[in-house]
Amino acid sequence: MNVGHLSYLFFLVLLILLDLIPLTESQRRARGHRTNRRRSRITQCRPTTADIYGPYYRPSFPKLHRLCSPDASRYRHQALIVSGYVYERNCRTPIPRARLEIWQADRRGKYEGTARCRGYVQTNNNGYYRFLTVHPGKYQVSYAEAQRVAQMYNRPMGHRWRPAHIHFKVNSRRGHKSLVSQMYFAGDAHLGRNDTCIVCNSEHSDLVVRPKRSCRRNGCVSYVNFNIVLERGNGLNLG
């Protein structure tokens, strides 16, 4: 059996595990509540920081639990499972059936390729969501765009790189605002002041996750937990 077959089998196993062996409710509650308690102590129960849409948002999203699926050859070492809870403002009450629109670059840092790296998922009755994707690649903004933003904010133009990130738009219920935000990765050299996007919020710790990686002979997968707390009110919370 060649490496291509092994990679394909590993990809299939990931999908089977994602769809057929979900966490039990007690495991979900324990994981979410532990993470939420840690985050609540740090943030004093603040709503998740908003961020910008960026230039690649599209209003039409297919329902997908596997993003970038045509990019299957890259799942062998770059698979990423993202999960978490959507909470009300008190950081304790989960919001069921909330819709999360998700979009990202593929491994090459491209948004408009053939890989379907955009879709939506819904939280279950316990406010829990999960999806499978690949770790997003970095990209450079155009020289003209970097120059325009630098002049607008009277700052020198830097390197033009954006850190790896995944976009979220959470369409809420129960009297809470919808949220646009981005999830970033700890250890990225282009977070914060090194982010070419001056108006983005990659320096905020509540948007930065630290993946846990698990490897077997035929490939690796990373896991991140990203809980989201919504702000009370109506309308849209946008960075």
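## Cores and a pocket in a predicted model

The largest nonpolar core holds 35 residues. Val82, Val86, Tyr129, Phe168, Met183 and Ile228 have the most contacts inside this core. The model is predicted.

Five strands each give two or more residues to this core: S1 (79-87), S2 (99-104), S4 (128-134), S7 (165-171) and S8 (178-185). S8 gives the most, with 4 residues.

Which residues does Tyr129 contact, leaving aside its neighbours within four places in sequence? Tyr129 is in contact with Val82, Ser83, Gly84, Tyr85 and Val86. Its contacts also include Leu100, Val121, Thr123, Phe168, Phe226 and Ile228. Among these partners, Val82, Val86, Phe168 and Ile228 are also listed with the most contacts inside the core.

Another core lies apart from the largest one. This core has 9 residues, including Phe61, Trp103, Tyr111 and Val141.

Next comes the second largest pocket. Its volume is about 310 Å³. The lining counts 23 residues. Ile52, Pro55, Val141, Glu145 and Cys197 lie nearest the pocket centre. Val141 thus appears both in the core of 9 residues and in this pocket lining.

The lining divides by class as follows.

| Class | Lining of the second largest pocket |
|---|---|
| Nonpolar | 15 residues |
| Polar | 5 residues |
| Charged | 3 residues |

Strand S5 (139-140), helix H4 (143-152) and S7 each give two or more residues to the lining. H4 supplies the largest share, 5 residues. S7 also gives two or more residues to the largest nonpolar core.

Conventions:
Residues are numbered from 1 along each chain as its sequence is written. This is a predicted model: local features need pLDDT of at least 70, side-chain atom pairs count only at pLDDT 80 or more; totals for chains, interfaces and linings use all residues. Side-chain values use heavy atoms; hydrogens and water are left out. A nonpolar core is a set of buried Ala, Val, Leu, Ile, Met, Phe, Trp, Tyr and Cys residues joined through side-chain atoms within 4.5 Å. Buried means under 20% relative accessible area, exposed over 50%, partly exposed in between (1.4 Å probe, protein chains only). Contact means heavy atoms within 4.5 Å. On a 1 Å grid over the protein atoms alone, a cavity is a set of points where a 1.4 Å probe fits but cannot get out, and a pocket is an open set with protein on both sides within 12 Å along at least five of seven lines; lining residues have an atom within 4 Å of a point. Grid points are joined across faces, edges and corners, and a volume is the space filled by probe spheres set on the points. Ala, Val, Leu, Ile, Met, Phe, Trp, Tyr, Cys and Pro count as nonpolar, Asp, Glu, Lys and Arg as charged, and the others, Gly among them, as polar.
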